[in-house]
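Please explain how the protein and the DNA meet in the structure shown here. A formal walk through the contacts, strand by strand, would be welcome.

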Number of protein chains: 2
Amino acid sequence: MNLRIPVSAPSKCDLCAIHHRSICGIADTPLQAELSRISHIRTFSAGETVLAESESAGIVGNVVSGVLRMVKTMADGRQQIVGLLLPSDMFGRVFADDSRFAVEAATDVTLCCFERAAFEHLLRHNRDLEHNILLSVLDELDAARDWMVLLGCQTVLERVATFMIILHRRVDNQGCSRVTDRGPPCVALPISRRDMATYLGTTVETISRTIQSMVRKGVIRIVDPRTFEIVKLDALIAMSGREEFRDYDSDPRDRPQPRSEAGRPHLSVLTGKSR
Amino acid sequence: MNLRIPVSAPSKCDLCAIHHRSICGIADTPLQAELSRISHIRTFSAGETVLAESESAGIVGNVVSGVLRMVKTMADGRQQIVGLLLPSDMFGRVFADDSRFAVEAATDVTLCCFERAAFEHLLRHNRDLEHNILLSVLDELDAARDWMVLLGCQTVLERVATFMIILHRRVDNQGCSRVTDRGPPCVALPISRRDMATYLGTTVETISRTIQSMVRKGVIRIVDPRTFEIVKLDALIAMSGREEFRDYDSDPRDRPQPRSEAGRPHLSVLTGKSR
DNA sequence: CGCTGCGTTGACGGCTATCAAAGAACGTGG
DNA sequence: CCACGTTCTTTGATAGCCGTCAACGCAGCG
């Protein structure tokens, strides 16, 4: 390796598990130093609120470990999860004073936080950073609209199947899913049944019944409540009602690449892409 | 008026009905000239496809008049409208080769189009333009997630009421809604029942029944199939199940301003803001 | 004048929410 | 180590919202 670049003291970020996948990994060296300077690590226990709905949201950041949920709660208590945030995803809302959605810890989480004002300052002075954020937000928008399709015109069975396939496609990403060598493909749910229901626009009871029906059909097998073995991937794909998954049924390595330039951060997890 | 600025020949854009509300109205003079240079007007009849799903989408632009719908069609024919685009809204997808959603004319439309490559070139060389686009996309993302809440956990009655209130709040905007002086407040539907159903995640029959039930309850009155008089705005707001509309029931002028910096283009219409 | 598209109304059935309760897993305290 | 409360998941019974199928009135149009 050619190390003619001046080597500074290793920053705290060099050990960060998501460094290479997050926005930090895209930044050039001076920007990395600046990001490192203004960042601070915080942890939250499952169930804690990171940013309240309508709160003046002073921080943004990356998920280092664990899962965040973005949730809107209606006056009568009904809830909808509008996004799950996994390691390397960004949370928070830049350029607005409140977030419209609460950000809560769905599991115990470790977060790398920036003061929003300081981060926006960096954005304003760093063309590439802002451009990459724009690309991420555009992908997020596509993903949100895709989820509107799921909520608006798919059955619960289709939603559950779609959710499982998306998790499965995140193989070699955040450990949501894993393929043991030559073993059966498994999907590890990162969240509870309740969160799954709130994300898929249904109830825990219906989620449970739907999963059990998939078991009875021999499509999946329950290893433990949070781990499923996919017995018939093609049948699962057929259940999802999504033609676009057809191409992915056999080998994960056959998947096409994401459509936009690779190697930038993504703000929310389930964008349906296989980065 | 002080006219010390050199006055060039009036460009075709000076007569544009949406000039002051679109991205063009934000641009500085040289950028306006450049936008004008690369723009061209196209028209489509109701039902025509502007950009097909998954097509290599070579153009972006603004709606000048009429309404566009962004729609996803599933393999079995089910459809979901993921966004309506009204005059001054932008359509198309920058920085990606295909659009994932079709863009269709919901009515006869006039569009101001840019070659996507040329527009992206401008974006890359104009900091402010890209920043404004980022702000717009962020608002779009909020709006899309808000629509996920509507589709995921609201009844059809609530969805219809919400839709009508949002249209009503666009008073003094695209003429979707109008308040005749001292007369009853009216909402003019810009789209057909079918599109309304496809946007709200339900069917024409259910839309029709829901509207009729609102009439029987004395909340609205049907002037003609595309025009409603709002008889009891407070009851309509209560029906929407949305606490956030409570503040707006009496006088439209009491409404708070949009949360982010004003005066930038918005890419899709129903962002729930009252610009 | 028939055709077509749009909006409405009726009958019916199914998917899914709701209410209720039991089993399983887990941590806590005795 | 065990009792116990809490949370999570599952299962059952029931009801209701809403999708589906069908038909009708109406307006626009060739």
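Which atom of DNA strand C is 2.8 Å from an N or O atom in the side chain of Thr202(A)? In this predicted model, the partner of the Thr202(A) side chain is a phosphate oxygen of DNA strand C. A phosphate oxygen of this strand also lies 3.0 Å from a side-chain N or O atom of Gln212(B). Arg209(B) addresses a base instead, with a polar side-chain atom 2.8 Å from a base nitrogen of DNA strand C. Two or more residues each are given to the surface near this strand by H7 of chain A and, in chain B, by helix H6 (193-200) and H7. H7(B) has the largest share, four residues.

Around DNA strand C there are 16 residues, of which Thr202(A), Thr206(A), Arg193(B), Arg209(B) and Gln212(B) come nearest. By class, the surface comprises one nonpolar, eight polar and seven charged residues. Sugar or phosphate accounts for 57% of the strand C atoms within 4 Å of the protein, and bases for the rest.

Attention now turns to DNA strand D. Here 17 residues surround the strand, and the nearest are Arg193(A), Arg209(A), Gln212(A), Thr202(B) and Thr206(B). A polar side-chain atom of Arg209(A) is 2.8 Å from a base nitrogen of strand D, while a side-chain N or O atom of Arg209(B) is 2.9 Å from a base oxygen of strand D. Val156(B) uses a backbone N or O atom, placed 3.1 Å from a phosphate oxygen of this strand. H7(A) gives the most to the surface near strand D, with four residues. Of the strand D atoms within 4 Å of the protein, 61% belong to sugar or phosphate.

Terms used. Residues numbered from 1 in each chain as written. Chains lettered and ligands numbered in written order. Predicted model: local features only at pLDDT ≥ 70, side-chain atom pairs only at ≥ 80, totals over all residues. Heavy atoms only, no water. Near = heavy atom within 4 Å. Polar contact = N/O pair within 3.5 Å; in protein donor to acceptor, adjacent residues only side chain to side chain. Nonpolar A, V, L, I, M, F, W, Y, C, P; charged D, E, K, R; others polar.
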